Amino acid sequence: MTIYQATATAPVNIACIKYWGKRDTKLILPTNSSLSVTLDQDDLKSQTTSRADASFERDRLWLNGKEDEIKPGGRLATCISEMKRLRAEYEDANPNEPKISGYKVHIASMNNFPTAAGLASSASGFAALVSSLAALYKLPATPSELSLISRQG
């Protein structure tokens with residue numbers, strides 16, 4: 001039996017000069033520039049493992065060891081469904097690839113820093129999520145394409 005699983009990490013950043021307002025709320029694009037510092041992943045990071053399996057009955061998420069709800073139509077569900085859509089396109093173009101885009105996913109994400117402490121935990125978490133799903137699905141997407149999806153989260 002094949003195991004479909006991948007793990008990815010993403011660094012944390014601290015906003016030194018924070019932007020105010022959004023010119024595009026869907027893509028989370030700021031009205032003006034900001035200045036931030038990205039910290040070394042040896043110290044602070046989000047780590048996410050995603051797994052797809054035919055036996056899973058629903059998509060599930062564990063954040064820092066505690067199960068969290070994936071709200072239909074919410075930011076997390078949007079990212080997951082977009083990644084599944086890209087995988088389905090990949091499967092259509094590559095008929096010999098396993099058909100896993102319809103499998104439910106289980107996602108475990110850990111931050112080794114406090115959530116809601118001004119360290120962009122949401123951005124770090126969504127970057128790790130999208131990266132782990134891209135690796136799981138073996139998507140030929142560029143970092144820029146993955147960034148567009150991650151920012152929706």
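What follows is a working chat about a predicted model, its sheet, its nonpolar core and a few single residues.

Colleague: Let's start with the sheet; in what order do the strands run, and is it open or closed?

Modeller: In this predicted model, five strands form an open sheet in the order β1-β6-β9-β7-β8, and the pairing is mixed.

Colleague: Which strands stand at the edges?

Modeller: Those are β1 and β8, each of which has a single partner strand, so one side of each is left without a neighbour in the sheet. From one strand to the next, the twist averages 20°.

Colleague: And how do β1 and β6 pair, parallel or antiparallel?

Modeller: They pair in the antiparallel sense over eight bridges, and within that pairing Thr9 stands opposite Gln47 in β6.

Colleague: Moving along to β7, what are its partners?

Modeller: Strand β7, residues 60–63, pairs with β9 in the parallel sense over four bridges, while with strand β8, residues 66–68, the pairing of β7 is antiparallel over three bridges. Trp62 takes part in both, since I can name a residue for it in each strand: Ala108 stands opposite it in β9, and Glu67 is its bridge partner in β8.

Colleague: Which residue takes a positive phi in the hairpin of β7 and β8?

Modeller: That is Asn64, with a phi near 55°, in a hairpin that has two residues between the strands.

Colleague: Changing topic, which residues touch the most other members of the largest nonpolar core?

Modeller: The core has 25 residues, and Met83, Val105, Leu133, Leu136 and Tyr137 are the ones that touch the most other members. At least two residues each are supplied by β1 (4–11), α1 (75–93), β9 (104–111), α2 (121–136) and α3 (143–150), and the largest share, seven residues, comes from α1.

Colleague: What does Leu136 touch, leaving out residues up to four places away in sequence?

Modeller: With those left out, Leu136 touches Tyr4, Gln5, Ala6, Ser50, Arg51, Ala52, Ile100 and Val105.

Colleague: Where does α2 lie relative to the strands?

Modeller: Helix α2 lies across β1, β6 and β9, and it runs at about 35° to β6.

Colleague: Phe126 is in that helix too; is it buried or exposed?

Modeller: Phe126 is found in helix α2, and because its relative accessibility is 11%, under the 20% cut-off, it counts as buried. The C-alpha atoms of Phe126 and Cys16, which are 110 residues apart along the chain, are separated by 21 Å.

Colleague: And what about Arg85, how does its accessibility class come out?

Modeller: Arg85 lies in helix α1, and it counts as partly exposed because its relative accessibility is 37%. Between the C-alpha atoms of Arg85 and Pro95, which are 10 residues apart along the chain, the separation is 15 Å.

Colleague: Last one, I'm setting up charges; what is the nearest side chain of opposite charge to Asp53?

Modeller: That is Arg51, 4.9 Å away, and Asp53 is buried yet has no salt bridge. The 4.9 Å separation lies outside the 4 Å cut-off for a salt bridge, so the Arg51 side chain does not make one with Asp53.

Colleague: Where is Asp53 placed, and which residues is it in contact with beyond its neighbours in sequence?

Modeller: Asp53 is in strand β6, residues 45–53, and, leaving aside neighbours within four places in sequence, Asp53 is in contact with Met1, Tyr103 and Lys104.

Definitions and conventions: Residues are numbered from 1 along each chain as its sequence is written. This is a predicted model: local features need pLDDT of at least 70, side-chain atom pairs count only at pLDDT 80 or more; totals for chains, interfaces and linings use all residues. Side-chain values use heavy atoms; hydrogens and water are left out. A nonpolar core is a set of buried Ala, Val, Leu, Ile, Met, Phe, Trp, Tyr and Cys residues joined through side-chain atoms within 4.5 Å. Buried means under 20% relative accessible area, exposed over 50%, partly exposed in between (1.4 Å probe, protein chains only). Contact means heavy atoms within 4.5 Å. Two strands pair if DSSP finds at least two bridges between them. Lys and Arg count as positive and Asp and Glu as negative; His and the chain ends are not counted. Axes are lines fitted to C-alpha atoms, for helices over the stretch in contact, and angles run from 0 to 180 degrees between N-to-C directions.
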